[in-house]
Amino acid sequence: MDELGARAAALAARHPRHARLRRVGTSRAGTPLLLLSVGHGSRHALVVAGPHANEPVGGATVLRLAERALADPRLTEGADATWNLLLCADPDGLRRNEGWLSGPYTLDRYARNFFRPGFLEQPEWLPDGPDHAALPETRTLLALQDELRPFLQCSLHGVDVGGGFVEVTHDLPGLAQRIAHTAARLGVPRELGAYDTLYWPGLGPAVYRIPPPRLGDLTAAITEAAVDSTWCHPQRYGTVTAVVEAPMWGVAAVSDGSPPADRDGVLRAVSRSLRDDTRRLRRVLARVRPHLATDPDAAHLLAPVDDYLLVCPRLADAWDPDTDDGTGRSLPPMSNAHLVALRLAGRRLSLRTAGLLHQLVTRTGGDPAGVLPEVERLVDEGCADYRDGCAARWIPVARQVEYQTRVVLAAFELAGRRPTAGSRSGEPGWGPGAAVPMHRE
């Protein structure tokens, strides 16, 4: 996190006429929330990195975008545009992932050092609406949206295991073709049946339409983005939001759009595996929880554990063709890509929970509950299933960054062709001729 801020400051110092770095807010732990702006155009693009703590690639992507915008005036003066790049929306959560961020990049190291806060502590969500946003990171993001009124907002996410895809609030004709070309050039699989867009309309291969927010069960919202979010908040300004997902470990099978030979058999197996893992994880948690009463920091790890163990049985029921989950909603038509995505998602939830429990156990300085061998088995089994069962392969960071950068630039070009309600900067005196070296703050 510190390196990210230092690199942005150095870039702004090298280009004082065209780039500015300013503090736009403060995290819950007191970390500055920094915005790097490039250009002086009247039309604003807002790019948000690090909205999820375990998805760090966006930080490198915003620096790459800044370099591209500084090197190519067609992205600034030529488009009458300013690039506003939020370096990290959840810096406190990102710091909790530092155990794996320095490498080596292995599934085992990632799982045992993984952190992602509970649902209510994720800055992009608005479970009680924008007027009741509780997190300072969320309020900062909302204030930026209201200040800039961007014609485009890109939220930079990372799929830990799977493929690349994009979720958009508005159709951008031609985006699917751009993604296909970029993915093929960089060897990044496209996720043609992403699990969290299972019930969303498709706008082309690996492009999905974000539905309007609605009130709903919180456990459904955790997996389906059913509640209001900062993705939808700036639509009042005509903003197009694109959520850009780039995989860390790629799985080629997520691109298999062919019809499955035995859909129901695969669904039964995925649901059974998720239920079995959930039962094992709950037994571990029941034994560990009494030993955490005196650890004030354990709540940060327990919150996502409780979220995952709450939603896992519901998902197993929703995916099981022999079970009525009570929603009255049937599964949509499914390809092999969908089935692989559900397998990856079920494994993701159980492996994340096992990784968080591993940290809860080891932070006690021993194993008072006697559960560490079982937790180790759960982590090892999950990593082996990804590595050997799903053929997950690491995608070098430079390729992840280049993929995400090219998708953002494609969305920038296509969204720039749409009429907007007008974007602006909240900084007094801004205009084509203004240049304020705000990185000196």
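**View 1. Val168 of strand E6 and its partners in the predicted model.** In this predicted model, Val168 stands opposite Ala242, a residue of strand E9. Val168 also stands opposite Arg209, which belongs to strand E8.

**View 2. Strand E6 with strands E9 and E8.** Strand E6 comprises residues 165–168. Four bridges connect E6 with strand E9 (residues 240–250), and this pairing is antiparallel. With strand E8 (residues 207–209), E6 shares three bridges, and here the strands run parallel.

**View 3. The two faces of strand E6.** Side chains in a regular strand alternate between the two faces of the sheet. On one side of E6 lie Phe165 and Glu167, and on the other lie Val166 and Val168. Are these residues buried or exposed? All four residues, Phe165, Val166, Glu167 and Val168, are buried, and both faces of the strand are thus covered.

**View 4. The largest nonpolar core.** This core contains 58 residues, and Trp319 and Leu360 have the most contacts inside it. At least two residues of the core are supplied by each of helix H5 (107–113), strand E9, helix H9 (263–288), helix H10 (298–319), helix H11 (336–362) and helix H12 (372–389). Helix H11 provides the largest share, 13 residues.

**View 5. The surroundings of Leu360.** Which residues does Leu360 contact, once its neighbours within four places in sequence are left aside? Leu360 is in contact with Val288, Leu292, Ala298, Leu301, Leu302 and Val305.

**View 6. A second nonpolar core.** A separate core of 52 residues is also present; among its members are Leu4, Ala45, Leu85 and Ala411.

Notes. Residues are numbered from 1 along each chain as its sequence is written. This is a predicted model: local features need pLDDT of at least 70, side-chain atom pairs count only at pLDDT 80 or more; totals for chains, interfaces and linings use all residues. Side-chain values use heavy atoms; hydrogens and water are left out. Buried means under 20% relative accessible area, exposed over 50%, partly exposed in between (1.4 Å probe, protein chains only). Two strands pair if DSSP finds at least two bridges between them. A nonpolar core is a set of buried Ala, Val, Leu, Ile, Met, Phe, Trp, Tyr and Cys residues joined through side-chain atoms within 4.5 Å. Contact means heavy atoms within 4.5 Å.
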